[in-house]
Amino acid sequence: SDFNVLCDDELQHILSFDCVYRTKSVCKKWHKLSNRNERIKLLTLCDEAQKMSPLQFSDQCNQTWIVHPARKILNATERELGYQGPVSCILDAIDECKSGDRILVHDGLYIFYHLEIQENVEIIGIGTNVIVEGQDELYEGAGDEDEQDQDSLVSIRQGRVFFMNLTIDCSNSSKSLEIARICIGCGNSFSAHKCKFALASIGIEVFREAHLKVTNCEFDDATTAILISRLAAEVTVNGSTFRHCGLEPDDEGYGEHSCIAIDSWTQDVRVSLNCDRNTFKDNFCYPIAETACHYRYTGTVQPRLNLKPSLRNNLLQGYNATKTRAKGVLKDANTLYFNDDLAFQQLS
């Protein structure tokens, strides 16, 4: 074989371009070299997570849990690195975790109805096809914060949560479009890095005093991708892409949605919003907007508040805001638009 004339370093480099689990079964040498590549891959992934996560993971204080859809025992590399598990379900891994632990998830489809997180945790996809799919529950929330996050796919009730390299797929859910798929409860924190969100509803809702940081993520087919309370603490969205957001279910008239929307239910403003290097492509709604509400008794629309977000280097591509009163004519993606479309429509 031509591979016999290659030194181990050269062969290991070649094998690094293939799936480490597929090349292990060829021969003993390939198994050994694939184990080396797996170790490098895991450590590189964890180093990236350490840089991006707000949690201070420590090998001395915290544990790493392995989630695999089929495997019942740890492989040699996982044992060498001192990992725990494996378990077949993300929910089981969270039940086993202590605050600050890390969960590494192998490729697979993981289906659940509702994930409630009440501690600091990192959930990181190892492969290229880690899909978390939301299924419908038997009840619907009534609209307040507590009941609404019970009806979401993920509710963060306490602590700081970090997702990396995951696909969150709620595109087939029949739940109300007004229910967010990820709810960040009062005073808590959520960060997402290199994640994909397929939504068909509101994506992430940030409640009062909560923190959100999104980097290098993709949002597709949301009504509103990120909904922010004016009383939230800080929201940072960098290097992400928003596509096909803002389409109303009946496809009639104007909507209240935007790719990134700040709500209008209070006159008080506390949130700090920072958006840099995002791309808004082929959306029916505004890219970033303050959403107005109407006063039913006076027949007036709420005036704009003194919001001063930091919006830099954001780009428009294709069509945007075609289902708004702007009719697709926008200045740029670095403007905080005032979305009073639905308010005026309700008053007319």
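The turns below go through a predicted model of one protein chain.

Visitor: How many helices and strands does the secondary structure of the protein chain come to?
Guide: The protein chain has 348 residues, and 52% of them are buried. Its secondary structure comes to seven helices and 28 strands.

Visitor: Among contacts between residues at least 6 apart in sequence, what percentage join residues at least 24 apart?
Guide: One example of separation in sequence is Leu166 and Val132, which are 34 residues apart along the chain. In space their C-alpha atoms are 7.2 Å apart. For the protein chain, the share of such contacts that join residues at least 24 apart is 62%.

Visitor: Is Leu166 buried or exposed?
Guide: Leu166 sits in the loop between β9 (160–164) and β10 (167–169). Leaving aside residues up to four places away in sequence, it touches Ile123, Ile124, Gly125, Val130, Lys194, Cys195 and Lys196. Buried means under 20% relative accessible area. Leu166 has 2% relative accessibility, so it counts as buried.

Visitor: Which strands stand at the edges of the open sheet of eight strands?
Guide: The order of this sheet is β4-β7-β10-β13-β16-β19-β22-β27, with parallel pairing. A strand at the edge has a single partner strand, so one side of it is left without a neighbour in the sheet. The strands placed in this way are β4 (108–112) and β27 (315–317).

Visitor: In β7, which residue is the bridge partner of Gly108?
Guide: Strands of a sheet pair through backbone hydrogen bonds, either parallel or antiparallel. β4 and β7 (residues 130–134) pair in the parallel sense, over five bridges. For Gly108, the bridge partner in β7 is Val130.

Visitor: Glu78 and Arg71 meet in a salt bridge; what is the relative accessible area of Glu78?
Guide: Side chains of opposite charge can pair when their charged atoms come close. The structure holds 10 salt bridges. In the one between Glu78 and Arg71, the N to O distance is 2.9 Å. Glu78 is buried, and its relative accessible area is 0%.

Visitor: How many residues apart are Arg270 and Glu209, a pair that links distant parts of the chain?
Guide: The side chains of Arg270 and Glu209 meet in a salt bridge, at 3.9 Å from N to O. Arg270 belongs to the loop between β20 (258–262) and β21 (272–276), and Glu209 to the loop between β14 (204–206) and β15 (211–215), which puts the two 61 residues apart.

Visitor: Is Glu209 buried or partly exposed?
Guide: Its salt-bridge partner, Arg270, has a relative accessible area of 48% and is partly exposed. Partly exposed covers values between the 20% limit for buried and the 50% limit for exposed. Glu209 has a relative accessible area of 42%, so it is partly exposed.

Visitor: Asp276 forms a salt bridge with Arg312; how many residues apart in sequence are the parts that this pair ties together?
Guide: The closest N and O atoms of Asp276 and Arg312 are 3.5 Å apart. Asp276 lies in strand β21 and Arg312 in strand β26 (residues 310–312), so the parts tied together are separated in sequence by 36 residues.

Visitor: Asp276 or Arg312: which counts as buried?
Guide: Arg312, at 40% relative accessibility, counts as partly exposed. At 11%, the residue that counts as buried is Asp276.

Visitor: Which residues do salt bridges that share partners join into one network?
Guide: The salt bridges in question have partners in common. The residues they join into one network are Glu218, Asp220 and Arg243.

How values were computed:
Residues numbered from 1 in each chain as written. Predicted model: local features only at pLDDT ≥ 70, side-chain atom pairs only at ≥ 80, totals over all residues. Heavy atoms only, no water. Helix = DSSP H or I, 4+ residues; strand = E, 2+ residues; numbered from the N terminus. Buried < 20%, exposed > 50% of the residue type's maximum accessible area, 1.4 Å probe, protein only. Contact = heavy atoms within 4.5 Å. Pairing = 2+ DSSP bridges. Salt bridge = Lys/Arg side-chain N within 4 Å of Asp/Glu carboxyl O.
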